[in-house]
Amino acid sequence: MKKSYILFALLVVSFSSCFKLDSQLFNNLKCTQYLLDNYTGTQDFILDNSYKIPDSLIHIFTLQSREPSESNATQIYAIYIGDISKIATDTVIMYCHGNKWNMDFYWQRAKLLANTGNKNQYGVLMVDYRGYGMSSGTPTEDGMYADVDAALQWLNNKGLSNSRLMIYGFSLGSVPATMLTAHPRTMTPAKLILEAPFASSATLVNDATQLDLPPSYVTTFKIDNADEIKLVNQPFMWMHGLSDTFLNWQTNGLVVYNNYQGIYKEKHLIPGADHGEIPVKDGFVQYSSDLYAFIKR
Amino acid sequence: MKNFLVIFFISALLFFNSCAPSRLIRPLDKGQKVVSANIGGPLFHYSGTVIPVPLTSLMYAQGITDNTSVFGSVHTTALLFGVAQTDIGVCQRLYYNDSLHLGISVNPALNIAQEFWPQFSGGFKLWPQIDLNAYWEIHPKKSFVYAGFENWFELATQRADAQPQTTHWLFCPQVGYTYSRLKWNYSIELKYIAPNLDNLPNVVDYVGIGGKGTLAFYISVSRKF
């Protein structure tokens with residue numbers, strides 16, 4: 001019997017380890033080129049030709065992104081829709097995309113934003129976070145913040161003023177959007193727009209288990225939009241689908257919205273919209289109209 | 001996003017009480033000892049198929065009397081994540097009918113978890129649980145089938161982001177079969193976790209019934225001493 005005790009103890013010790021599942025959060029998909037309108041993979045929606053962006057207004061380029069703990073910069077890819085020479089006088093939407101795959105998946109969304117209010121109304125910049133699409137490196141939480149800030153540095157170098165910078169975060173993109181509005185680095189966004197945001201990593205774990213489970217059991221992520229939003233004073237727009245089967249609008253978006261204590265906020269709860277369906281269920285025209293009104297107000 | 005994130009968040013279920021099979025259904029004989037290994041967990045959709053989460057645990061049990069056994073376990077998958085988790089409890093026979101070979105047992109237990117990596121932090125949790133099972137010995141002292149239910153209690157009043165914790169009771173009906181040999185036991189168990197709770201919206205694509213709860217499947221191997 002002593003042998004069985006020893007065996008039991010050895011098994012316990014041998015299993016003891018230090019795994020966390022942080023890397024499993026990211027749903028990045030590598031690619032060798034960006035196909036944009038020629039992309040034939042699964043998409044949430046495809047816009048008709050009236051939303052087409054002239055080739056002269058599409059710019060794909062690389063940026064060097066370095067998070068504080070890194071000794072070397074990471075090369076990431078960015079797409080800018082608009083006239084680069086007019087950035088200093090344009091209003092630009094920094095679009096922080098969601099977790100799925102890469103910028104090809106979000107190209108239609110970027111086009112929709114560029115055409116908000118009028119044909120080619122706004123400049124739109126988005127990046128593939130490190131490890132996504134053609135961007136080098138491996139996704140990390142800090143890397144994601146650095147990557148979006150690298151994009152803001154590029155806009156800043158082109159002469160964009162804070163007052164003309166709108167930051168828009170969809171799903172996972174709500175994390176860098178909120179963080180860099182609450183804790184500005186290179187630029188301070190004038191307005192914050194969140195579509196189907198996370199509340200926090202703790203909320204996701206609690207929602208999954210129905211229990212008050214410490215998120216640190218499974219992750220070292222510090223994602224906490226619900227707390228960071230308290231530091232945001234800029235006008236804030238929140239959109240969430242009432243049929244979001246992935247991120248519960250009440251335990252995620254509503255908590256963020258309620259915690260906001262800044263100068264102005266508005267919410268758009270879209271009936272029948274699942275995660276990623278807001279532009280479709282709301283209607284492209286209505287979606288653009290609401291967004292345009294918020295940006296112009 | 002859902003297919004990939006599911007791996008991440010399913011991990012949280014390591015700590016679900018219901019992510020382990022019932023520890024003891026039939027009390028051991030006085031002085032008898034058992035070590036068992038268990039694998040299995042909630043069923044979920046992944047890449048177009050349905051699989052159980054491969055959660056593992058080890059259990060040691062000992063018969064104190066013919067009607068009372070004590071047990072303790074180590075959730076080995078949780079250890080991989082730097083969390084020491086155990087459930088310790090008692091299996092008490094409440095009733096046994098010699099002619100029908102039918103018994104009823106109750107298992108009060110405490111499920112305790114403490115994070116020890118990356119730091120020995122405030123990540124301490126304690127969940128009381130109590131199982132009630134009825135079993136029928138197909139061949140006395142050998143194989144038996146059982147049915148019962150597990151109850152898991154969340155004591156916290158507040159959850160993430162200072163929101164109220166509204167779920168305090170998780171109810172899990174279960175059925176199982178144990179094939180008993182001289183030195184070894186082999187068990188399978190099907191559990192229905194939280195059939196009273198909606199399983200959407202959720203980051204995990206559970207396999208429930210009518211949008212409620214999730215099914216779970218486990219297998220266990222035990223060595224008797």
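In strand β4 of chain A, the bridge partner of A:Y80 is A:L125, and this pair belongs to a region where β2(A) and β4(A) run antiparallel and are joined by 4 bridges. The coordinates discussed here come from a predicted model. Chain A has a mean pLDDT of 91, with 92% of its residues reaching 70 or more. An exception is the stretch of residues 7-17 of chain A, over which pLDDT stays under 50 and for which the model has 13 contacts beyond four places in sequence. Where pLDDT is low, the predicted coordinates should not be read in detail.

**The sheet of chain A**

The strands β2(A) and β4(A) are part of an open sheet of 8 strands, whose order is β1-β2-β4-β3-β5-β6-β7-β8 in chain A and whose pairing is mixed. At the edges stand β1 (58-65) and β8 (265-270) of chain A, each of which has a single partner strand, so one side of each is left without a neighbour in the sheet. From one strand to the next, the twist averages 20°.

Helix α3 of chain A, residues 141-157, packs on this sheet and touches β1, β2, β3, β4 and β5 of chain A, and its direction makes about 120° with that of β1(A). Helix α4 of chain A, residues 174-182, lies across β3, β5 and β6 (191-195) of chain A, and runs at about 145° to β5(A).

**Two helices in contact**

The helices α3(A) and α4(A) also pack against one another, at an angle of about 70° and with their axes 9 Å apart. Because angles of 65 to 115 degrees count as roughly perpendicular, α3(A) is described as roughly perpendicular to α4(A). The contact is made by A:M144, A:Y145, A:V148 and A:D149 on the side of α3(A), and by A:V175, A:P176, A:M179 and A:L180 on the side of α4(A). The crossing of α3(A) past α4(A) is right-handed.

**Enclosed helices**

Two further helices of chain A are described by the burial of their residues, as the table sets out.

| Helix | Residues | Buried residues |
|---|---|---|
| α2(A) | 103-114 | 11 of the 12 |
| α5(A) | 201-209 | 9 of the 9 |

With 11 of its 12 residues buried, α2(A) is largely enclosed by the rest of the structure; among the buried residues are A:M103, A:F105, A:W107 and A:L113, together with charged or polar names such as A:D104, A:Q108, A:R109 and A:K111. The buried residues of α2(A) pack against β2 (74-81), β3 (92-96), β4 (123-127) and β5 (165-170) of chain A. Helix α5(A), with 9 of its 9 residues buried, is likewise largely enclosed by the rest of the structure, and its buried residues include A:L204, A:V205, A:N206 and A:D207. Following α5(A) comes A:Q210, whose phi is positive, near 65°.

**A loop residue**

A:T188 is found in the loop between α4 and β6 of chain A. A residue counts as buried if 20 or more other C-beta atoms lie within 10 Å of its own, and as exposed if 12 or fewer do; A:T188 has 17 within 10 Å, and is therefore partly exposed. The C-alpha atoms of A:T188 and A:M103 are separated by 24 Å, the two residues being 85 apart along the chain.

**Chain B**

The secondary structure of chain B comes to 2 helices and 13 strands. Of the 225 residues in chain B, buried residues make up 44%. Among the contacts in chain B between residues at least 6 apart in sequence, 52% join residues at least 24 apart.

Methods. Residues numbered from 1 in each chain as written. Chains lettered and ligands numbered in written order. Predicted model: local features only at pLDDT ≥ 70, side-chain atom pairs only at ≥ 80, totals over all residues. pLDDT = per-residue confidence, 0-100. Contact = placed C-beta atoms within 7 Å. Pairing = 2+ DSSP bridges. Axes fitted to C-alpha atoms, helices over the stretch in contact; angles between N-to-C directions. Parallel < 35°, antiparallel > 145°, perpendicular 65-115°, else oblique. Left-handed = near helix turned anticlockwise from the far one by under 90°.
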